[in-house]
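Dear colleague,

Please find below the structure that I am handing over to you, together with its sequence. My findings follow directly after it.

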Amino acid sequence: MTMLRAIALSDIHGRREAVRALLRDVRQKKIEVDYIFVAGDIGCPEDPNRLLEILRMLRRAGLEVFYIVGNWDIGSRIEEMNGVYNLDRTGPIDLHGFSLVGHGEFFEEHKVNPNNLVVLLSHYPPYGILDRGFKYTLYRKGSHTGIIRLNHLIEHYRPLIHVFGHAHKSGGLTVKLNGVYFVNVARLDRFTRDDKCIGNYTVIIADKGSPPKIRHMYIGGVYKICTRCGRKVLMPPSWNVCKECMMRDELLVSSEPITKKYGRIKIQFHANGADEATKTGIDSLGANLSIPLT
């Protein structure tokens, strides 16, 4: 079998109620998958044991769980469990013709089976791709929360799918760029004011012979007509506009990508002449920054 069937989620933030709601929703929708991918922020800082508790809850669904940690998991207790795998510690894992690679704490490049398609799992997004946070700028867009190191890893692995979270504002969106499906699965712990979970998760079905099927699901979601685009879309009951319309600016792709002319750019920073060096009290200041543009 060369098919990969998984539920992907992130940003649980230690909420047990969110995990219970997820498992109920999966049962009610009769979703059939083989694995659960968790893209970090599983536990919570105030309880170092919560990460393991959440992973045990997910494992009880009878599916193998693959995870990496996020910023909320710093200080959490981590130990080996049957059927639960920390990809930072295991390295790449082969799953029916796919190589699942995870980077949560460590970002050294791995060697993968050249005959496999790569699925990359991280907590942070790559810089500039579905990485908007909620801290607004004067231009009314959220701040970037992605990290450039992941752009380099994408260039190295050339994955079919990159699954990540962290950037809540861009969660529930997929964009395809240069053959890579970037899938932001944040966030599971979305609750209404009356404490009803409307968190999102993603169903991924991938086969080596065809494009992957990626569906963003909402717990308790209903199919409604989006008031902007007119499509019938699954969304939380309180929404009237689909996530794609809410975040339309995040899904724009240039028809003439800069990579046609430049594969990457290099920037050099240096002190501005002798006067500047004297002011700063140093003889010289220099640094090189290499940014892949793919």
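How much area does the chain expose, and what share of it do carbon and sulfur atoms supply? The exposed area is about 15200 Å², and carbon and sulfur atoms supply 51% of it. Please keep in mind that this is a predicted model.

Overall composition

The chain has 294 residues, of which 50% count as buried. Its secondary structure comprises 6 helices and 18 strands. If one takes the contacts between residues at least 6 apart in sequence, 59% of them join residues at least 24 apart.

The nonpolar cores

The largest nonpolar core contains 35 residues, and those with the most contacts inside it are Leu9, Ile12, Val38, Leu58, Tyr67 and Tyr201. Two or more residues are contributed to this core by each of strand E1 (3-9), helix H1 (16-28), strand E2 (35-39), helix H2 (50-59), strand E3 (64-68) and strand E13 (200-207). Val38 may serve as an example: beyond its neighbours within four places in sequence, Val38 is in contact with Leu9, Ile12, Leu58, Val65, Phe66, Tyr67, Ile68 and Leu121. Another core, of 24 residues, lies apart from this one and has Leu4, Phe37, Ala39 and Leu100 among its members.

Helix H2 deserves a separate remark. This helix is mostly covered, with 7 of its 10 residues buried. The buried residues are Arg50, Leu51, Leu52, Ile54, Leu55, Met57 and Leu58. The elements that cover them include H1, E2, E3 and strand E4 (84-86).

Aromatic pairs

The chain has 5 aromatic pairs. One of them joins Tyr35 and Phe37, which are stacked, with 6.5 Å from centre to centre and 10° between the planes. Tyr35 and Phe37 are both buried. Phe37 also forms an aromatic pair with Phe66, and this pair is edge-to-face, at 6.1 Å centre to centre with 70° between the planes. Phe37 belongs to strand E2 and Phe66 to strand E3, so that the pair links distant parts of the chain, 29 residues apart. Phe66 is buried, as is Phe37. Through ring pairs, Tyr35, Phe37, Phe66 and Tyr85 are linked into a cluster.

The six-stranded sheet and helix H4

An open sheet is formed by 6 strands in the order E5-E6-E7-E10-E12-E11, with mixed pairing. Strand E5 (93-95) and strand E11 (173-177) stand at its edges; each has a single partner strand, so one side of each is left without a neighbour in the sheet. From one strand to the next, the twist averages 20°. Within this sheet, strand E10 (residues 161-164) and strand E12 (residues 180-184) run parallel and are joined by 4 bridges. His162 has Phe182 in E12 as its bridge partner.

Helix H4 packs on the sheet, where it touches strand E6 (98-103), strand E7 (117-122), E10 and E12. The direction of H4 makes about 165° with that of E7. Is this helix enclosed by the rest of the structure, or left open, and why? H4 (residues 148-157) is largely enclosed, because 7 of its 10 residues are buried. These are Leu150, Asn151, His152, Leu153, Ile154, Glu155 and Tyr157.

Asn151, which lies in H4, has 11% relative accessibility and therefore counts as buried, the cut-off being under 20%. Leaving out residues up to four places away in sequence, Asn151 touches Pro126, Tyr127 and Pro292. After H4 comes Arg158, which has a positive phi near 50°.

A hairpin

Strand E15 (residues 222-225) and strand E16 (residues 232-235) pair in the antiparallel sense over 4 bridges. In this pairing, Val222 stands opposite Met235 in E16. The hairpin has 6 residues between its strands, and Gly230 takes a positive phi near 80°.

When you look at the model, I would suggest beginning with the cluster of Tyr35, Phe37, Phe66 and Tyr85, and then turning to H4 where it packs on the sheet.

With kind regards

Key:
Residues are numbered from 1 along each chain as its sequence is written. This is a predicted model: local features need pLDDT of at least 70, side-chain atom pairs count only at pLDDT 80 or more; totals for chains, interfaces and linings use all residues. Side-chain values use heavy atoms; hydrogens and water are left out. Buried means under 20% relative accessible area, exposed over 50%, partly exposed in between (1.4 Å probe, protein chains only). A nonpolar core is a set of buried Ala, Val, Leu, Ile, Met, Phe, Trp, Tyr and Cys residues joined through side-chain atoms within 4.5 Å. Contact means heavy atoms within 4.5 Å. Two strands pair if DSSP finds at least two bridges between them. Axes are lines fitted to C-alpha atoms, for helices over the stretch in contact, and angles run from 0 to 180 degrees between N-to-C directions. Accessible areas come from the Shrake-Rupley method with a 1.4 Å probe; for residues, only the protein chains shown count as cover. Rings of Phe, Tyr and Trp (its six-membered ring) pair if their centres lie within 6.5 Å; planes under 30 degrees apart count as stacked, over 60 as edge-to-face and the rest as tilted.
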